[in-house]
Amino acid sequence: MWVTCTNEATIIEILAHRTIAQRQKIKEAFKQSVGKDLLDCLKSELTGNFEKVVVGLMMSAPVYDAYELRNAIKGAGTEEACLIDILASRSNAEKKEIIATYKKEHGKSLEDDVCGDTSGMFQRVLVSLLAAGRDESTKVDEAQAVQDAKDIYEAGEARWGTDEVKFLTVLSVRNRNHLLRVFQEYQKISGRDIEDSIKREMSGCLEDVFLAIVKCMKNKPAFFAERLYKSMKGLGTTDSVLIRIMVARAEVDMLDIKAEFLKMYGKTLHSFIKGDTSGDYRKILLELCGGEK
């Protein structure tokens with residue numbers, strides 16, 4: 001099974017058709033039989049976006065998320081989209097694991113790093129998401145849902161200026177079923193979808209993070225389908241987004257993401273990737289995507 005690290009076809013064949021757990025075992029077996037670290041070997045032999053996909057595939061889920069967050073924060077400027085994509089979509093347990101892994105791998109507190117690189121209300125929303133304290137029950141409190149919808153309406157559409165704290169309190173703490181009920185009620189009171197109101201009331205990263213939370217609550221695979229679509233449509237490809245989602249969701253909900261993509265855009269995710277990428281990078285992404293359907 002072991003070949004030189006530069007046989008790309010074999011790398012794609014093996015890595016794209018194994019689970020994360022199996023790939024960790026391959027890493028261990030490689031070290032024992034070759035006396036080298038497989039990740040180091042791959043990094044030294046591969047380049048570009050193909051390398052980024054392969055390196056991502058060799059990491060466990062929390063290690064990959066922590067690695068992506070670290071890359072988004074360090075260096076000049078912050079890739080806010082990465083912070084939003086990961087923190088708005090992961091469960092409490094996943095976030096706690098990411099925080100612990102980040103500390104272990106990078107020797108720093110993720111919250112401290114996020115605070116050092118963001119500011120204002122956007123920072124407060126990220127810190128709240130990092131607290132990993134969302135109610136994850138399925139219980140809907142009818143009276144509370146009506147009150148929450150009223151509070152959000154009065155904090156935004158019904159006043160001059162927006163009280164973002166009210167949005168934060170409701171959107172980052174309540175459980176999914178409860179929030180779906182709040183969104184229904186909000187539509188009744190305001191005559192608008194909550195997403196439209198957020199777009200009217202906010203801008204920039206704050207708008208992006210609140211929209212991401214709402215979309216993940218409504219339909220997480222559809223959220224990722226939209227992110228993939230936007231990463232590829234138009235001129236140029238936002239490879240960082242495309243790679244991150246394809247690697248992170250490959251064995252979580254890729255089938256659902258593909259179904260939503262087709263429903264939303266009338267084209268397959270497979271055809272979009274095929275038309276927007278090339279070489280070994282395209283080949284490995286298409287393998288992760290699965291068949292045409």
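Here is a short tour of this predicted model, one selection at a time.

**Whole chain**

Start with everything shown as cartoon. You'll see 18 helices and zero strands in the protein chain. The C-alpha trace spans about 65 × 45 × 35 Å along its principal axes. For 293 residues, a compact globule would have a radius of gyration near 19 Å, and the 21 Å of this chain agrees with that. Now switch on the surface: about 13,900 Å² is exposed, and carbon and sulfur atoms supply 49% of it. Of the 293 residues, 46% count as buried. If you like contact maps, take the contacts between residues at least 6 apart in sequence: 68% of them join residues at least 24 apart.

**The core**

Next, hide the surface and select Phe210 and Met246. These two have the most contacts inside the largest nonpolar core, a set of 88 residues. Colour helix H14 too, since H14 gives the most to this core, with 14 residues. As a rule, nonpolar side chains in soluble globular proteins tend to be buried together.

Stay on Met246 and show what surrounds the side chain. Leaving out residues up to four places away in sequence, Met246 touches Leu228, Met254, Leu269, Ile273, Leu285, Leu288 and Cys289.

**Helix H11**

Now select residues 164-173, which make up helix H11. Which residues of H11 are buried? They are Phe167, Leu168, Val170, Leu171 and Ser172. Bring in the partners of these buried residues: helices H9 (120-130), H10 (142-155), H12 (176-190), H13 (194-201) and H14 (204-232).

**Asp253**

Move on to the loop between helix H15 (239-249) and helix H16 (254-265), where you'll find Asp253. Is Asp253 buried or exposed? Asp253 counts as buried because its relative accessible area is 8%, and the cut-off for buried is under 20%. Setting aside neighbours within four places in sequence, Asp253 is in contact with Pro221 and Phe224.

**The cysteines**

Finally, select the cysteines and look for bridges. How many disulfides does the structure hold? Zero. Zoom in on Cys205: the nearest cysteine sulfur belongs to Cys82 and is 12 Å away. Cys205 is partly exposed, at 25% relative accessible area. Then go to Cys289, which is in no disulfide either; here the nearest cysteine sulfur is that of Cys216, 20 Å away. Cys289 is buried, with a relative accessible area of 3%, and you have met this residue before, as one of those touched by Met246.

How values were computed:
Residues are numbered from 1 along each chain as its sequence is written. This is a predicted model: local features need pLDDT of at least 70, side-chain atom pairs count only at pLDDT 80 or more; totals for chains, interfaces and linings use all residues. Side-chain values use heavy atoms; hydrogens and water are left out. Buried means under 20% relative accessible area, exposed over 50%, partly exposed in between (1.4 Å probe, protein chains only). Helices (H or I, at least four residues) and strands (E, at least two) are DSSP runs, numbered from the N terminus. Contact means heavy atoms within 4.5 Å. A nonpolar core is a set of buried Ala, Val, Leu, Ile, Met, Phe, Trp, Tyr and Cys residues joined through side-chain atoms within 4.5 Å. A disulfide is a pair of cysteine sulfur atoms within 2.5 Å. The radius of gyration is taken over C-alpha atoms; the globule rule is 2.2 Å times the number of residues to the power 0.38. Accessible areas come from the Shrake-Rupley method with a 1.4 Å probe; for residues, only the protein chains shown count as cover.
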